[in-house]
Amino acid sequence: MPPIKLTLNGKPWSVDADPDMPLLWAVREIAGKTGSKFGCGAAQCGACTMHVDGQPVRSCSTPIGSIAGSKVTTIEGLEGKVAKAVQDAWVKLDVVQCGYCQSGQIMSAVALLTDTPKPTDQDIDSAMSGNLCRCSTYVRIRAAIHEAAKALEI
Amino acid sequence: MPDGHMTETNRRRFLQVTGGAGVGLMVGFTWTATGRRALAAPAEAGKAFEPNAFVKVAPDSTVTVLIKHLEMGQGVYTGLTAIVAEEMDADWAQMKAEAAPANAKLYNNSAFGPIQGTGGSTSTYNSWTQLRQAGATARALLVAAAAQTWGVPASEITVSKGVVSSGKHSAKFGELAAKAATLPVPADVPLKDPKDFTLIGTHLPRKDSVEKSTGKAVFAIDVAQPNMLVAVVRRPPKFGAKAQTVDAKAAKAVKGVVEVVEIPRGVAVVATSYWAAHQGREALKVTWDESAAEKRGTDAIIKDYKALLSTPGEQVTKEGDVDAVKAAKVVKAEFSFPYLAHAPMEPLTCVVKLGKDGCEIWAGDQFQTVDQMNAAQAAGLKPEQITINTVYAGGSFGRRANLESDYIVEGVTIAKALSDAKVQGGKLAGSPVKLIWSREDDIRGGRYRPIYVHGMEAKLGADGALLAWKHRIVGQSIMAGSMFEQKGKPDNTSVEGAAEIPYDIPNRLVDLHTTTSPVPVLWWRSVGSTHTSFAVESFIDELAVEAKQDPVAFRRTLMEKHPRHLAVLNLAVEKAGWGKPLPKGWARGVAVAESFRSVVAHVAEVSQDDKGRLKVERVVCAVDCGIAVTPDVVKAQMEGGIGYGLGAVLFGAITMTDGTVDQSNFDTYRCLRIDEMPKVEVHIVPSANPPTGVGEPGVPPLGPAVANAIAALTGKRIRDLPFTGTVSV
């Protein structure tokens with residue numbers, strides 16, 4: 001089988017893997033980038049959220065063979081003013097508790113603010129309801145997204 | 001979690017098991033009592049100054065606090081570090097937190113006895129004096145070093161924000177560290193008067209926020225070791241079943257699968273990657289011996305428990321004579337509570353590296369001493385040969401602390417099986433193994449909050465006075481058979497929150513039926529109070545309505561002799577605007593509960609839409625947790641407790657059909673999502689008392705506050721959890 005070619009965090013990435021292998025495990029175990037987390041393996045919790053060609057996807061349920069040629073961004077490769085605003089807001093409001101879901105939360109929040117710079121609570125609910133947080137940091141996630149949106153206005 | 005010390009018998013047994021003669025002396029241990037020099041060897045240039053087991057001062061003035069408790073989200077890396085920083089008069093920016101090694105002699109939890117472990121919301125409570133002393137003594141040594149260096153009396157030296165100064169002299173901690181390390185450790189260093197605190201009680205940024213907001217924080221699942229293998233385990237479909245026949249041919253044919261080994265808890269598939277191990281397990285064929293398994297469904301278990309409500313149980317509390325009371329009105333209610341999985345976001349994971357003379361473990365380890373004991377037994381080693389590297393845990397809610405060390409022992413038994421010379425000629429011996437539970441393993445793997453059934457009966461006088469209260473509880477004990485079991489006494493984890501209540505009722509009887517089942521059960525965030533507080537606070541609210549009184553006024557009358565509870569209740573209702581008008585289709589409910597030495601009251605506001613669907617709009621919380629060391633962490637724990645408790649009461653349930661768990665992942669074990677999270681307001685009661693728990697106490701009053709609001713809005717009293725069985729949410 002020829003290797004699968006993609007771009008990971010801006011760099012060419014050639015993966016020798018079973019095309020059915022979920023993107024999450026290829027990134028974690030082959031590329032060694034562990035910021036994206038395994039929470040359910042069934043696209044139910046969002047802890048594994050990455051950007052594929054700019055769109056948030058559940059990498060635990062995305063076969064790597066299905067996205068050959070795509071640009072994959074993980075939390076380790078996040079950059080730009082939206083990402084900075086989101087991560088700064090996360091730190092400013094001390095959103096995290098256990099922190100395990102937060103890479104996925106941040107990836108979803110960056111995607112939301114990239115498309116919708118001034119989200120309403122309802123926008124936030126619909127964009128973020130695929131990301132579970134068992135510590136229930138939801139109050140602060142919502143506040144941090146508003147905070148980041150405000151910072152981006154300036 | 002076990003709260004309070006082990007019994008003397010169990011403590012002795014524990015010491016025998018660990019071979020830890022003298023470990024008992026370490027209960028209440030403070031390093032100052034040793035009277036030794038700060039460092040056994042003189043400090044070398046460039047080395048850190050380590051005045052005690054908790055504090056390290058580096059030459060660059062970084063102060064590292066060794067944290068003996070697991071950081072699982074509850075904020076111990078921040079709160080415990082703040083205690084040391086306060087007494088040292090350090091600058092918050094120079095403070096760092098680091099996991100302490102597993103060492104019960106130095107790092108036991110004094111609320112548990114000679115055991116290192118985290119739980120029962122005891123981390124701050126049991127560390128408070130210990131870490132104040134550690135910080136104050138480190139400060140005293142730095143001051144003494146400055147006094148000698150500068151030739152000025154110690155009394156003329158001040159410390160502020162990490163700078164030691166006197167007149168024209170000034171130095172940072174790092175500059176004094178080498179000298180301080182040579183000085184004798186003073187005994188009985190005075191602690192600060194709390195009115196002089198400058199850090200405690202203020203907003204301090206969390207120490208783990210940056211790592212956790214950038215994907216850099218390391219959890220057990222992220223640990224990598226050279227030549228590491230990954231294992232998953234096929235476990236029995238029914239609790240108590242055992243593997244009968246194993247056909248591993250197809251599993252072994254999967255590319256990347258290295259070996260299949262039987263272990264006491266199931267059959268392990270070991271591979272070069274998780275994906276290969278997962279596929280191998282899918283291909284594995286196992287038949288099970290179910291002769292000793294639980295074959296009842298949960299409906300049958302609840303029915304069996306309800307049948308026990310008609311017979312008296314083991315007496316827990318008896319005041320006055322309930323049966324002799326003549327009442328104008330008798331009110332009765334029965335409640336049922338399902339099994340609940342903890343479902344922390346990071347499924348159970350550990351990495352085990354087993355050698356001939358030792359075993360190294362990486363885990364979000366919550367029960368280091370117990371895990372050392374169990375791992376040692378599984379490995380055929382001594383507890384002191386087990387090294388545990390405690391890393392961040394992706395949540396726990398009680399799950400990672402269990403008396404059998406289930407996932408740790410699985411990891412060790414797999415490593416042990418691979419080290420057998422008969423397995424591939426022993427060539428896998430010593431390979432590090434990462435055990436990963438899938439979400440399905442987690443949801444179906446047991447150690448649930450037990451099923452409980454409660455029967456309540458109250459007698460009211462003609463004037464509405466509450467004259468008698470009968471409370472019968474039926475359920476499985478978490479402690480039975482463990483070192484924490486208190487033989488001859490009612491199981492505390494079944495009755496806490498019911499045995500003692502903050503209401504003065506002249507005649508009161510509480511009794512307990514303890515049941516057994518092969519289904520393994522465990523403490524789940526707030527333990528007994530997850531169900532007792534729901535029953536007590538729902539029933540008291542119902543009695544207020546029966547007595548034609550306002551639920552707050554009714555509670556206040558009964559709570560007169562409990563000023564702490566009363567103050568919390570009063571703060572919550574005042575901030576919530578109790579009695580003030582709400583939009584149409586909204587109602588309020590209130591509940592108050594003490595757990596883990598703290599008192600929390602919630603006022604919940606619930607709305608109903610035109611389709612009858614209920615939504616929790618807002619929760620106003622008041623908490624008395626003694627001194628709030630880091631108030632923002634306290635607030636976060638209340639927010640978290642509210643969300644965790646709300647998801648559980650609305651739709652949390654593990655059910656079984658003929659002994660097999662019906663749920664498997666987050667699609668069937670529904671957890672609270674952001675669109676279901678209410679607005680939350682947290683108010684902290686000012687206090688000068690030592691800190692008490694915050695990780696768990698936010699949970700207990702949440703369920704009944706919401707249920708009471710639903711009753712006020714719809715007239716429906718919810719008796720059987722979760723709420724989805726009764727109302728639309």
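This dialogue walks through a predicted model of two chains, A and B.

Reader: Where should I begin with chain A, and what are its helices and strands?

Author: A count of elements and their order along the sequence is a useful start. Chain A comes to 5 helices and 5 strands, and read along the sequence these follow the pattern β-β-α-β-β-β-α-α-α-α.

Reader: What radius of gyration does chain A have, and what would a compact globule have?

Author: The radius is set beside a rule for a globule with that number of residues. For the 154 residues of chain A the rule gives a value near 15 Å, and chain A has 15 Å, so the two agree. Along its principal axes the C-alpha trace spans about 50 × 30 × 25 Å, and 60% of the residues of chain A count as buried.

Reader: Which domains does the assignment give for chain A, and how far apart are their C-alpha centres?

Author: Domain 1 of chain A covers 4-77 and domain 2 covers 81-153, with their C-alpha centres 21 Å apart. Their contact takes 14 residues from domain 1 and 11 residues from domain 2. On the domain 1 side, strand 3 (49-52) and strand 4 (55-58) of chain A each supply at least two residues, and the largest share, 3 residues, comes from strand 3. That side of domain 1 divides into 6 nonpolar, 7 polar and 1 charged.

Reader: How many helices and strands does chain B have, and what is its radius of gyration?

Author: Chain B comes to 18 helices and 27 strands. With 729 residues, a compact globule would have a radius of gyration near 27 Å, and the 27 Å of chain B therefore agrees with that expectation. Its C-alpha atoms fill a box of roughly 80 × 75 × 50 Å along the principal axes, and 57% of its residues count as buried. Among contacts in chain B between residues at least 6 apart in sequence, 77% join residues at least 24 apart.

Reader: Which stretches of sequence make up the domains of chain B?

Author: A domain may be written as one stretch or as several joined by a plus sign, and chain B has both kinds: domain 1 is 8-207, domain 2 is 220-292 + 348-436, and domain 3 is 298-339 + 447-725. Between the domains numbered 1 and 2 of chain B, 15 residues of domain 1 are in contact with 20 residues of domain 2, and the domain 1 side divides into 7 nonpolar, 7 polar and 1 charged.

Reader: Which residues of the largest nonpolar core touch the most other members?

Author: One way to read a core is to look for the members with the most partners, and in this core of 287 residues they are A231(B) and A572(B). Helix 4 (residues 123-150) of chain B gives the most to this core, with 12 residues. Leaving aside neighbours within four places in sequence, A231(B) is in contact with A268(B), V269(B), V270(B), A277(B), I414(B), V433(B), K434(B) and L435(B).

Reader: What span should helix 18 of chain B have, and which elements cover its buried residues?

Author: The span of a helix can be checked from its number of residues, because each is expected to add 1.5 Å; the 13 residues of helix 18 (residues 702-714) should span 18 Å, and its end C-alpha atoms are 18 Å apart, which agrees. Helix 18 is mostly covered, with 11 of its 13 residues buried, and the elements covering those buried residues include helix 14 (529-546), helix 15 (551-558), strand 22 (586-595), strand 23 (598-608), strand 24 (614-624) and helix 17 of chain B. Just after helix 18, G715(B) takes a positive phi of about 80°.

Reader: Is helix 10 of chain B largely enclosed or left open, and what follows it?

Author: Helix 10 of chain B is largely enclosed by the rest of the structure, because 11 of its 12 residues are buried; among them are V370(B), M373(B) and A376(B). Helix 10 (residues 368-379) reaches 16 Å from its first C-alpha to its last, close to the 16 Å expected. G380(B) follows, and its phi is positive, near 75°.

Reader: How many residues does each chain bring to the contact between them?

Author: The contact takes 45 residues from chain B and 41 residues from chain A. Helix 6 (209-213), helix 8 (274-283) and helix 17 (631-651) of chain B each supply at least two residues of the chain B side, to which helix 17 gives the most, with 7 residues. The residues of that side divide into 22 nonpolar, 12 polar and 11 charged.

Methods
Residues are numbered from 1 along each chain as its sequence is written. Chains are lettered from A and ligands numbered from 1 in the order in which they are written. This is a predicted model: local features need pLDDT of at least 70, side-chain atom pairs count only at pLDDT 80 or more; totals for chains, interfaces and linings use all residues. Two residues are in contact if their C-beta atoms, placed from the backbone, lie within 7 Å. Helices (H or I, at least four residues) and strands (E, at least two) are DSSP runs, numbered from the N terminus. Ala, Val, Leu, Ile, Met, Phe, Trp, Tyr, Cys and Pro count as nonpolar, Asp, Glu, Lys and Arg as charged, and the others, Gly among them, as polar. The expected span of a helix is 1.5 Å times one less than its number of residues. A residue is buried if 20 or more other C-beta atoms lie within 10 Å of its own, exposed if 12 or fewer, and partly exposed in between; C-beta atoms are placed from the backbone. A nonpolar core is a set of buried Ala, Val, Leu, Ile, Met, Phe, Trp, Tyr and Cys residues joined through C-beta atoms within 7 Å. Domain bounds come from an automatic or database domain assignment. The radius of gyration is taken over C-alpha atoms; the globule rule is 2.2 Å times the number of residues to the power 0.38.
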